[in-house]
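Thanks for coming, everyone. I would like to walk through one structure with you, slowly and in plain terms, so please have a look at it before I go on.

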Amino acid sequence: MPVADHKKCTGCHICEIICSVHHHKTMNPKLAMVKVNSNWPWEDKVTICRQCRKPKCVEACPVDAIERVDGYLTIDQDKCTACLECVKACPFDGVVVSEITGKPILCDTCQGEYLCVSWCPAKVFTKVQGANF
Amino acid sequence: MSNNKYFGYAGKILTVDLGSSDYVVENTPFDLIINFMGGKGFGAKILYDGLKANCDPLSEDNIMVVATGPLTGTLMPASGHVTLSTKSPLTGVWLDSHCAGFLGPELKMAGYDAVIIKGKAKKPTVLVIKDDKISFEDGKDLWGKLIFESQELLAQKYGENCQFMCIGPAGERKARFANIVSGGRGFGRGGSGAVMGSKNLKAIVAEGTKGLNIYDFDGFMRMCKESYNELSVSPDTGGGRPKYGTNSIYSFMIEAGAHPVKNFQTGVFKEVRECNEDVLDRKYYKRHIACFSCPINCSKASRVDDGKYRGKFTEGPEYENMWSLGAQCGNSNIGSIIYGEHLCDEYGLDAISAGNVIGFTMECFEKGILSEKQIGFPANFGNDDAIIKFIEMMAKGEGIGELMSQGVRQMSKELGKGSEKFAMHVKGMELPAYDPRGAFGMGLAYATSDRGACHLRAWTLGAEVLDVQERMDPFATEFKAELVKTQQDFFAVIQSAVVCLFLNFGLTQRQITRCIQTLTGIKEWKTTEDILKIGERIYNLTRLFSMREGISRKDDTLPERLLKEPVNEGPTKGVVVDLDSMLDEYYLIRHWDKEGKPTKEKLAELGLDK
């Protein structure tokens, strides 16, 4: 599970770029499943899903759009009504909302490849195995 | 997904006419791409063809070209840049200015390789570009507001995910070295903010959701990975620069006597113990800031924790401003430098020119050319209160600040009394933070830079003072012409691929060329030589542009102080710059005649003879 240490983030957005490259074969940060929120000039805040074992977002979703697919929490974009209850429910502020569709997106860890973890030059992300949240 | 025709490019050029609030969107011409690549190159071609000679830079006839390049907004490291080309109101000649941060990628994601801005709006205007939707909105409420407040209001109105370019009160009142700010970064030099002000354009807002596609996916990904690795192991981009920012060179420059002090009167900065990169890192730097896609994070957020500037902050201060508001003014109070830089960003003034002008004014005061009555307060070197007051006066055009805001060339012209000899400018642009008497190559670099005294057209310090390139004797004239010419051509490529020049400290020309090739797949760009030819073409075209405005050998010179007045202490004691011999050789290598005019043969070779 990727966990972000905001203090280390320099705001380069490489995580977003590599995420869009991996999932969409195009360079477009707006498609990323991770988001860097600027608070210039002070600390940026990184939004990324931790893939909780006991996910509050699943409980909060009124239309049951969040399910585990191949072991990863995934939001069915057709079912989702963009009510954003999952965003409110997440205790880690970890739900990215797409600027294009207005719907939430969850990190799928690149199916275990964790590209943001390996590409981030500031080493913001750590892989936490078997975390109990 | 974008459906652009050429890989790496957004594929469209947006031309707006502020006078009629009209716009057209056209495909980016393939000829333009092949011959001029992007950024500075696009600007050079569009302005050379589109501007009449001798047009008033502050009239509605002037044009601004905001352009990105193929590498902008990609995974390529340090791809967050964007260029602005126009005719400079400070120099009256060619100007390209470059801004880091996030604006370039956003414009490109909106679908545009370039935005061409023509005409003059009837009232204060904000140009909003959101993908295909272009609108001209009322900027009346923002007019007169400081830049950071303006940007906050723009973010509230147009969304947190937008990027901006915005002028402040200095640009609105057309101060000749007004800048344009984007986030915490800026189009610094040459007065592009005044051009924007003259067009009644307060801000441009950009937001884009389109993506950029890659020609050779695996090849480009491999080159990006290689580039990140190379940058991380370079002693510069992987060592000093991430830690200290651009100030990583500060102590080296002081040691070499290449850091000018008190308006270039000396190269010895006695207060260096309290004002250097270690003090900055220990006491002021609070966090590292990176631009889009950049692992170097040379920018810092700084805050003053005690003393009379407690609570003041800035994104910086970077090396140039540490000098301009520091040693140039005999000032070692870092708090005042941080506050001064913040004020320059708030009002929209180029902090290099601002500090240079203040140093000049202080020398005029100490020499009795300007009196306390004329200035309003004593303005000796080292007076940090005076520095802060001067910045506000220049921005608002108050008292002596009105004259100061026209730059040292104009100021010395009006003051006379020998002040021309120490007005530190080339072609009207104020010198930055390197003394050519401690590194001759920089003398030639300043004299032949296409936009006037600038350190970003060639930067010879890597060879003359630092050990990042093959070492050269800083006081020798040999080989400097070749070094300057090669750098000017290659830097023009970087500024047209539109990435950060700092890549030059970690990557080879070959690697950068490979990145461009794998991304775009353009067959005409086979070798590094093909790419360098584009750089040479651009540099010759900006020369032709400025020649049309009357520039010749007489202007490719340095302030008299550097040619005739040696420093009498420190490592550069007794040295003056031997410019003429370097200049002769430079013209020869460039195939320019003795007056600095490109030969017919050279122009034909570059396809610029038509």
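Let us begin at A:K35, which stands opposite A:T47, a residue of strand 3 of chain A. This is a predicted model, and the pair I have just named belongs to a larger arrangement, in which strand 2 of chain A, residues 35–39, and strand 3 of chain A, residues 42–47, pair in the antiparallel sense over four bridges. If you follow the chain from strand 2 of chain A to strand 3 of chain A, you pass through a hairpin whose connection is two residues.

Now, how many residues of chain A are in contact with chain B? There are 23 of them, and they are in contact with 27 residues of chain B. On the chain A side, the elements that give two or more residues are helix 1, spanning 14–24, and strand 3 of chain A, and helix 1 of chain A gives the most, with six residues. Sorted by kind, the residues of this side of chain A comprise 12 that are nonpolar, seven that are polar and four that are charged.

Turning to the interior, the largest nonpolar core has 224 residues, and those with the most contacts inside it are A:V34, B:V65 and B:L349. As a general point, nonpolar side chains in soluble globular proteins tend to be buried together. If we leave aside neighbours within four places in sequence, B:V65 is in contact with several residues, including B:F42, B:I46, B:L84 and B:I116.

Finally, on confidence, the model scores ipTM 0.95 and pTM 0.97, while chain B has a mean pLDDT of 97, with 99% of its residues reaching 70 or more.

Notes
Residues numbered from 1 in each chain as written. Chains lettered and ligands numbered in written order. Predicted model: local features only at pLDDT ≥ 70, side-chain atom pairs only at ≥ 80, totals over all residues. Pairing = 2+ DSSP bridges. pLDDT = per-residue confidence, 0-100. Contact = placed C-beta atoms within 7 Å. Nonpolar A, V, L, I, M, F, W, Y, C, P; charged D, E, K, R; others polar. Core = buried A, V, L, I, M, F, W, Y, C linked by C-beta atoms within 7 Å. Buried ≥ 20, exposed ≤ 12 C-beta atoms within 10 Å, placed from the backbone.
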